[in-house]
Structure formats: C-alpha cells, structure tokens
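Got the viewer open? Let's take a walk through this structure, one selection at a time.

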Amino acid sequence: MISRMVCFRNLVQSLRTGSRVSKLKSSNCYTSRTAPSVQPVVEPTPCSDDDYANMDWDNLGFNPRPTDYMYITKCSRGGSFEEGHLSRYGNIELSPSSGVLNYGQGLYEGTKAYWREDGRLCLFRPDQNAIRMQVGAERMCMPSPSIHQFIEAVKLTALANKRWVPPPGKGSLYIRPLLMGSGHVLGLGPAPECTFLHLWEGLAPFNLFIEEEYHRATRGGTGGVKAITNYYPEVSSCNIFIVKDNVISTPATNGTLLEGVTRKSIIDIALDHGYQVKELCIPVEELMEADEVFCTGTAAGVAGVGSITYQGKRVEYKSSDGCLSQELLSIYVGIQKGHIVDKKGWILEID
C-alpha cells in the first residue's frame with residue numbers, strides 16, 4: 001500500500017523577551033528508501049502535572065530540545081487519514097525520490113502548549129492552524145487531516161510530552177506539524193506519501209533590511225500558504241505592522257502573504273480596543289516614516305522592530321514599554337494566561 005504519513009514532533013522553546021536576534025538554523029538530512037513503518041507504536045509513560053523534565057527552565061536559550069514522543073498517521077492514495085498513534089521521538093526514513101526532497105512539496109504549522117498558573121494545560125487557537133493547513137494542502141496538491149484530527153493529534157502529542165512543557169511563565173512547548181510529500185515520485189505530480197513533523201524556531205527585537213533584488217513570493221504562487229519553500233532568514237517568517245498617528249496598518253494578504261494566526265488575533269484585539277486597523281499595500285516610504293513598527297508570529301508573538309535599513313539609510317523606531325505593540329502584546333498574553341477573560345473562545349484547555 002502506498003501511504004501518506006503524518007507525524008507530530010515537539011521541542012521546548014523559551015518565551016523570554018529581551019534583546020532579540022532572529023536566527024534560523026538548518027539541519028542535514030540523509031535519506032533512504034521508505035520503510036513500511038516509521039516508528040513502533042508506544043504508550044506514553046504516565047507522569048503527573050508536577051513531573052517536569054530535568055531542565056534548567058531559567059536558561060532554555062534558543063536551541064531545539066527534542067522531547068519524548070511524536071504522533072503519526074497515514075493516508076492511502078485517494079483515501080482519508082487513519083487514526084494515528086504515538087511513537088518515540090526519532091528519525092524517519094524518506095525515499096531519495098520523495099516529493100519533498102525533489103520538488104519541495106511540504107507545509108508546516110506552528111502552535112504552542114503551555115501551562116497556566118491555574119494548572120491548566122492549554123493551546124491557543126489550534127483550529128486556525130488546522131484550517132490554514134487544509135488551505136495550504138489543497139494548494140500544494142496534498143491531502144490534509146480534518147480539523148478534528150488535527151486538534152486531537154496536537155492535544156495527544158502535548159499530553160504525551162507534558163513533562164516538557166515549561167512551568168508557568170518559563171516558556172512553552174512548541175509543536176510544529178509538518179505535512180510533506182514523502183512518497184516516491186520522479187515525474188511531475190503530487191507525491192503518494194506525506195509526513196508531518198514539529199520543529200523549533202527562535203525569538204528576537206528585529207533589525208530589518210529591505211531586499212530589492214530577491215522576492216519571497218509572486219502572485220499566483222504559494223506565498224499565501226505556509227509552504228516550506230517560503231522561508232529563509234528574513235521577516236517573511238512574520239507579519240509586519242506599522243503605526244502612524246495611532247493608526248495601525250499591515251499589508252493585505254493578497255495571495256503573496258501568509259494569513260498569520262497571531263496577525264489575525266492582534267487585529268481583532270486592536271479593533272476591540274478602539275484602534276483603527278488598515279489592511280492595504282504599504283509603500284516603503286510610509287514604512288520608513290512610521291512612528292512604530294512591529295512583527296507578529298507564533299514564535300515571535302509580538303516583537304518590536306528596532307530599525308530598518310533601506311538603500312543604505314537606517315531608520316530607528318521606538319520600542320519602549322509605552323509602545324502600542326507592547327499594549328497589544330500585554331492583552332494577547334493576558335488572554336492566553338487567563339488574566340483577561342477569553343470572550344472569543346480562543347483558548348483550548350487540554351483535558
């Protein structure tokens with residue numbers, strides 16, 4: 001049987017802010033012929049909510065730390081994803097002729113599991129990640145788990161690895177679903193197999209450079225979905241906002257920009273608190289003349305921009321505690337932590 005496989009992996013991530021430097025790390029991958037099964041099915045070792053992994057939670061840094069378990073599910077060609085299972089975290093095997101290695105056929109998502117001070121293990125808007133993966137999968141000619149399957153898989157993975165979720169206020173467990181064409185395919189066409197993984201990403205205050213020669217995405221391409229080919233060391237891993245005279249503007253998502261979950265949440269929060277938000281094309285000149293600039297993303301949350309350099313000219317922006325971005329971040333985090341009532345049903349508590 002030719003199958004598609006979905007796998008969830010987890011890594012621990014620090015949430016602390018400070019001097020932020022945006023970094024992307026690459027990893028080497030050695031492939032072999034796809035095995036009939038990836039990892040044996042296992043039952044997670046029971047642990048209490050107070051049983052934390054042996055970690056220095058005050059010094060997590062930005063290096064990825066693999067956890068105990070990952071979640072895997074498969075899909076036959078033309079079929080639906082079957083009920084998945086947990087396996088020990090480890091390497092997977094890929095065919096050298098897999099779609100992801102030869103044609104970049106892959107998508108990923110990113111969400112976080114975190115402890116609240118009331119002892120509840122929570123996720124933030126995982127349904128939006130599931131919906132975005134479905135949209136991206138259709139664009140990339142791949143099947144996708146249902147919204148229910150996606151959320152249940154994230155919950156199961158978080159519970160199995162809950163000892164790796166940092167204590168309240170210390171960080172989060174960053175869960176990255178990766179859907180990729182892992183089946184044998186050399187001719188042009190969709191891969192007959194897909195794999196889903198979770199990786200790590202870091203935080204940082206951004207100093208940006210405007211690139212004029214290279215383009216992240218073009219109209220009619222895959223810029224509007226979370227394809228693995230869209231990301232390299234640049235602000236494309238985030239959505240950008242500018243503030244001028246207390247009016248918030250952000251580029252419209254017209255097919256070349258990703259509709260970020262954090263972006264959507266910050267827009268809703270700003271509108272609820274009486275701010276005007278414009279989604280439109282922003283000329284570089286307006287960007288350089290802004291009072292404040294900030295970025296949003298799952299890993300970054302809401303991150304201020306310290307400076308932008310364009311054609312040799314560097315402009316610095318205010319990034320103090322009184323900035324609008326800090327006000328929005330405070331509300332955003334307050335909802336996540338339960339300090340502010342969640343009136344929109346964004347928080348999913350894991351039983």
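## First stop: a salt bridge and its network

Select E349 and R116: the two form a salt bridge, with their closest N and O atoms 3.8 Å apart. Keep in mind as you look that this is a predicted model. Now colour the pair by accessibility. E349 has a relative accessible area of 34%, so this residue is partly exposed. R116 has a relative accessibility of 9% and therefore counts as buried, the cut-off being under 20%.

Next, add D118 and R120 to your selection. Together with R116 and E349, these residues are linked in a network of salt bridges.

## Zooming out

Before the next stop, show the whole protein chain as a cartoon. You should find six helices and 16 strands. The chain has 351 residues, and 52% of them count as buried. Switch on the surface and you are looking at about 16900 Å² of exposed area, with carbon and sulfur atoms supplying 49% of it. The count of salt bridges comes to twelve, and two more of them are coming up on this tour.

## Helix α2: one salt bridge, one surface patch

Go to R132 and E109. Their side chains meet in a salt bridge, at 2.7 Å from N to O. This pair links distant parts of the chain: R132 is in helix α2, while E109 is in the loop between β4 (106-108) and β5 (111-115), 23 residues apart. Are the two partners buried or exposed? Both R132 and E109 are buried.

Stay on helix α2, which covers residues 126-139, and pick I131. At 36% relative accessibility, I131 counts as partly exposed, because that value lies between the 20% limit for buried and the 50% limit for exposed. Now add V135 and I147 to the selection. With I131 they form a nonpolar patch on the surface, and the accessible area of the three together is about 220 Å².

## Helix α3: a pair one turn apart, and a buried threonine

Move to helix α3 and select K155 and E152. Both lie in this helix, three residues apart, which is about one turn. Here too there is a salt bridge, with the closest N and O atoms 3.4 Å apart. K155, at 16% relative accessibility, counts as buried, whereas E152 is partly exposed with a relative accessible area of 34%.

Then pick T157, also found in helix α3 (residues 147-160). Its relative accessibility is 0%, so T157 counts as buried. Draw a distance line from the C-alpha of T157 to the C-alpha of I72: you should read 9.8 Å, although the two residues are 85 apart in sequence.

## Last stop: where α4 packs on α6

Finally, select helix α4 (residues 261-272) and helix α6 (residues 324-337). At what angle do these helices pack? The angle is about 110°, and the axes are 10 Å apart. That angle makes α4 roughly perpendicular to α6.

To see where the helices meet, show side chains on both:

- On the α4 side, select T262, S265, I266, I269 and A270.
- On the α6 side, select L328, I331, Y332 and I335, which the α4 residues meet.

Methods:
Residues are numbered from 1 along each chain as its sequence is written. This is a predicted model: local features need pLDDT of at least 70, side-chain atom pairs count only at pLDDT 80 or more; totals for chains, interfaces and linings use all residues. Side-chain values use heavy atoms; hydrogens and water are left out. Patches are made of residues with over 30% relative accessible area and no salt bridge: like charges are joined within 9 Å, nonpolar side chains (Val, Leu, Ile, Met, Phe, Trp, Tyr) within 5 Å. Accessible areas come from the Shrake-Rupley method with a 1.4 Å probe; for residues, only the protein chains shown count as cover. A salt bridge is a side-chain nitrogen of Lys or Arg within 4 Å of a carboxyl oxygen of Asp or Glu. Helices (H or I, at least four residues) and strands (E, at least two) are DSSP runs, numbered from the N terminus. Buried means under 20% relative accessible area, exposed over 50%, partly exposed in between (1.4 Å probe, protein chains only). Axes are lines fitted to C-alpha atoms, for helices over the stretch in contact, and angles run from 0 to 180 degrees between N-to-C directions. Angles under 35 degrees count as roughly parallel, over 145 as roughly antiparallel, 65 to 115 as roughly perpendicular and the rest as oblique. Contact means heavy atoms within 4.5 Å.
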